[in-house]
Each structure stands twice: as structure tokens, then as C-alpha cells.
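Work through the exercises below with the sequence and the model in view. Each task is followed by its solution.

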Amino acid sequence: MLPFLTIKSLCEQYEAKTFTQTLDHANPGKTFSQKYFVSTDHGKKSDYLIVYIGGFTSLSASDLTDSPMNRIANNTQSPIVALENRYFGNSIPTDDLSTENLKYNTIDQHLDDIKEFIIAMKKEYCNDASKCRVATIGRGFGASLATWIHMQKGKELNIVGTWSSSAFLLSDPEFLWYDHHEAVAMTQWGNCYQYMMKAYKIIDDIAYRKDDSTVAMQERFGLNSTSGLKDLPTDFNHMFTEAISRGMRLPDLYPEFLNLCNRLNTGEYTEENAVLDLFGEFIPKFVLKEEFIYLWPHMIKDPSKNSKLAATRVEYYVKCNEMASFQCAGPNPEFRDISINPKYWTSVCTDLFGIDKLPNTTLFNQKYGGRFPPAKKTFFTHGFNDAFLEASCTLEDGSIYKRSKNIMGGGYSFDLNPEKDFDSLILKKIRIDIINAVTDWLKNDPPLPPTPTPLPPDCHEKMFSKQALITIGVISFFCLTFMVLAIILLCKLRTPKESLLSNDLTASLNSKNLI
């Protein structure tokens, strides 16, 4: 194990480049330009290559320059390459984001992009492309892809380690655990959950009035009277709870969420006007006031690739088409309104893309592993305040070097954020554990448990039959022995009583002259 590191993240210089990528890997022909970044500060060529994979957003150099992953490059003297995913930022392969053009936005196409990218980068930045050892890193959707490319094509690409931060792995048609987890997370802060639900009950009641008070409340949160949300309480409730969720989930907003909880814990916000004043103050802190309307799913119908919500539209397509796992309330909702359910999300997918049925999540989880992927030498991390933890891998498996750490008090991808002096000791230690583990995986092959030598096919049946006969014989012997001993013991116990009973009965019959 490497020594306990205490230095701060190294700041790297990243150069933007483009890579010619295949549009449809199943039918090669058309191509598009895919953006990526590269840093060779610690080595222009190496025996190792670090590959960072973008998420559901555009990728910029500022996301990379002071990332903790730069320490791994320093430890291994490796180049780092970072790929922006298709359909995001400058890597949109089609003229627009119509449903027809989004058909190339599938998990398999993303994974094939990464495969072709790694093959090309190994040729350019590795001393020997055939022996170059690769580590994949990502956050959110990028962490999911980093995990899946390692699982499915790791041997082919010589991927030997993965840092998977806040990976979203589970496909679920009714993702109830998200709602439950948020309710549990709020109980960390005194009576925050109790008072939050009392306040939300007031918000919910006003939303369902569908009158002037509904319009007035929505205007406080940045909506205008022409938005059409007055008569759509389910949509508004989703927007409101999503704003609160962001406050809890996203690290930059976390201090404001704690402030909101502290205010609620005073018990002063139980009347309608006080509740509206409080959330009228905090909702714009969690979502810019002019952007609260963007939390309305139906706002992403615009297929223009220059739309402010282009990335959100692409993300929704992945969910509607393959992953589902929309936040839903259960039969006994703990935070969200009960109307936020699979039926609601199906209507959203139909309106946006003409998809009238949520995807087959069973097949997806069988293919990619769900929450329990057989991911060798992968380090999963997640912040407890991010309820998407319930869609990630939280169980370790030492036999395949699968690690998992939960960062209490942490939010979305806390560990891949730039390091700060005020970071908790737990967070600092977990970062160091990850950096050391991935560095070790790059440099060394840890011994895996020996794989049993398979028997020839014709021996399995014979071996099974022999073992079965031996087992049956042993069990039968012990059972018969036990039965014989039990009968002998019973006979010995019963004999004196039976003799006494016989004598008493004879005397009784004699007294009655019956014998």
C-alpha cells in the first residue's frame, strides 16, 4: 500500500481536442467529432493511462484541473484523457435532438464510443499500446459508464481499476427508495423532516386549490401566471420537491439546505404565510429563480441542440428509453406527492418522445448488473445525502477487490470535488484510500482467489452421483441408529409403569368379581 498522502490536489493543464467517432457502431459509416481533453503534465507517454468519462453534461477543463484524480497521474507518471459523452456540449452528433435523432443515444453506443476512444488514446499516449494498463474514472452517469466499460470490455482494453463516484446503476420502473432515503436523510438534522412535511402539506394543499392563491404561490417561486401550472399540481409538486432534493444532494447547495433545516427546527413556520415566505426565500437558492420553470419536465420538448435544456432532454431520453428509475412516491409516500408515480412518468415520456411504456428494467439489470455488479477492482463511493445512493453499489466484495464507501454528510460525487481545508476527516481519508487503491491497481496485479479447475463435462454427473450416494448413506445410517436407540430407551422407560398398571388393573377387576 502506498504511504498516506496529505498533499492537496495537483492542478493540471488540460488541452481540448476532438476525436473522430463513429455515429452508429452497429452500422459504421457516418462519423462525428467528439470532444476530449488531455493532460500530459506527468508524462507524455507511459505504461499507464487514466481515462475520465463525462456525465450528463458538457465537459470543461475546469472540471478536471484540480480534481483529486490528478494525484493518481502524479503517482504513476501517467497522461490523463477525458471524454465528453455523445449528445452533450460540443459532441452532439446530429442536427437536433428529435426522437428520431436520439436513437443513437443508448448505453451500448456510449460504451462503444469509450472503447474506440481508449484504443486510439493508448496508441498515442502509451509506450506499448498492447500492454498499457488503464484506469477509468467518472461521476454520476460517467461513473456508471466507467463501471460498465470495465465490466464488459475490461479484459480487451486492459482496464485494471475504476473510481466510480455516485454511479447510477439500477434500472427501476418505480424508484421508491429515493423518496424513502430522502426522508431518512432529513432526520439527521433535528426535527427537520417533521417540520418539512408540515410545511410541504401546506404547499401541497395550495397547489391543489387551483385558484388565485395557487398562482400567487407559484409566482413567489419564479413562475408567471401564464405558465399553465396552475391546473397541474402534480407537475408543480415534482418541481418543488426536486428543488428541495437538489439542496440536499448537491455539495455547493448543502450549506443553504442546513440553513433551511435550522430555520424549520425553530418551529416558527407552521402558518401558510410564514411557510410561503420561507420557501420563497430558499427555493431560488436551490434553483435560480428564473430557472425554476426548467424543473418542469414538459419544458424540455424543444429538440433544438442549442436549447438551455438540451442536456436535460438527452438525460430524460436515456431514462425513458432504457433506465427509468424516476423518483416516485410509494403507496405511503414519505416526501413526494402520491401522484408522482410510474403513471405520471409514463405520461412525461409519451409527451416528450412518444414513448408510451417505461423500459424493461429486468433485462437492463441482467445485462449491466443492477446494484450488485460483478465489478472487479472498482471503488464505489457515494454521499449519504444523495438519495441516488439507493441506485448504486453499496456492498463490498473482497474476493474481486470491489470496494464501496458511504460518505456521511456528503453529497453527490463529494469525493471527486476539489479538496478543501474544511473537508471532513472521513472524506479526506476516503479520498486517500481511493487514490492509493487505484494507483496500486494500475501498478500491480493483486492476487485473486484461485479459480477451481473445471472438471471434464462427462465427470460432473458421475461426481454428483457418487457424492449424492455417500451423503444419502451417511444420513440414513445416523437416522436408523437414532431411531433404534430411541425405541430401546422408550421401552426401558415404559416397562415399570406398564407392569404397575397391569397389577392395579388385575386387583381392581378381582374386587369387582369380573375375573
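**Exercise 1: a disulfide between two helices**

Cys 320 and Cys 349 form a disulfide, with their sulfur atoms 2.0 Å apart. The model is a predicted one. Find the handedness of this link and place both cysteines in the chain.

Solution. Step 1: the torsion about the S-S bond of Cys 320 and Cys 349 is about -80 degrees, so the disulfide is left-handed. Step 2: Cys 320 lies in helix H10 (residues 310-323) and Cys 349 in helix H11 (residues 342-353). The two are 29 residues apart, and the pair links distant parts of the chain. Step 3: both Cys 320 and Cys 349 are buried.

**Exercise 2: buried or exposed?**

Decide whether Cys 126 and Cys 132, which a disulfide joins, are buried or exposed.

Solution. Step 1: buried means under 20% relative accessible area. Step 2: Cys 126 has 3% relative accessibility, so Cys 126 counts as buried. Step 3: Cys 132 has 1%, so Cys 132 counts as buried too.

**Exercise 3: the pairing**

How many disulfides does the structure hold, and what is the pairing of the bonded cysteines in sequence order?

Solution. Step 1: the structure holds 3 disulfides. Step 2: one of them is formed by Cys 192 and Cys 261, with sulfur atoms 2.0 Å apart. Step 3: numbered in sequence order, the bonded cysteines pair 1-2, 3-4, 5-6.

**Exercise 4: two packed helices**

Describe how helix H3 and helix H12 pack.

Solution. Step 1: the angle is about 65 degrees, and the axes are 10 Å apart. Step 2: Trp 148, Met 151 and Gln 152 in H3 meet Phe 364, Lys 367 and Tyr 368 in H12. Step 3: by class, this contact has 4 nonpolar, 1 polar and 1 charged residues.

Definitions and conventions: Residues numbered from 1 in each chain as written. Predicted model: local features only at pLDDT ≥ 70, side-chain atom pairs only at ≥ 80, totals over all residues. Heavy atoms only, no water. Axes fitted to C-alpha atoms, helices over the stretch in contact; angles between N-to-C directions. Helix = DSSP H or I, 4+ residues; strand = E, 2+ residues; numbered from the N terminus. Contact = heavy atoms within 4.5 Å. Nonpolar A, V, L, I, M, F, W, Y, C, P; charged D, E, K, R; others polar. Disulfide = S-S within 2.5 Å. Buried < 20%, exposed > 50% of the residue type's maximum accessible area, 1.4 Å probe, protein only.
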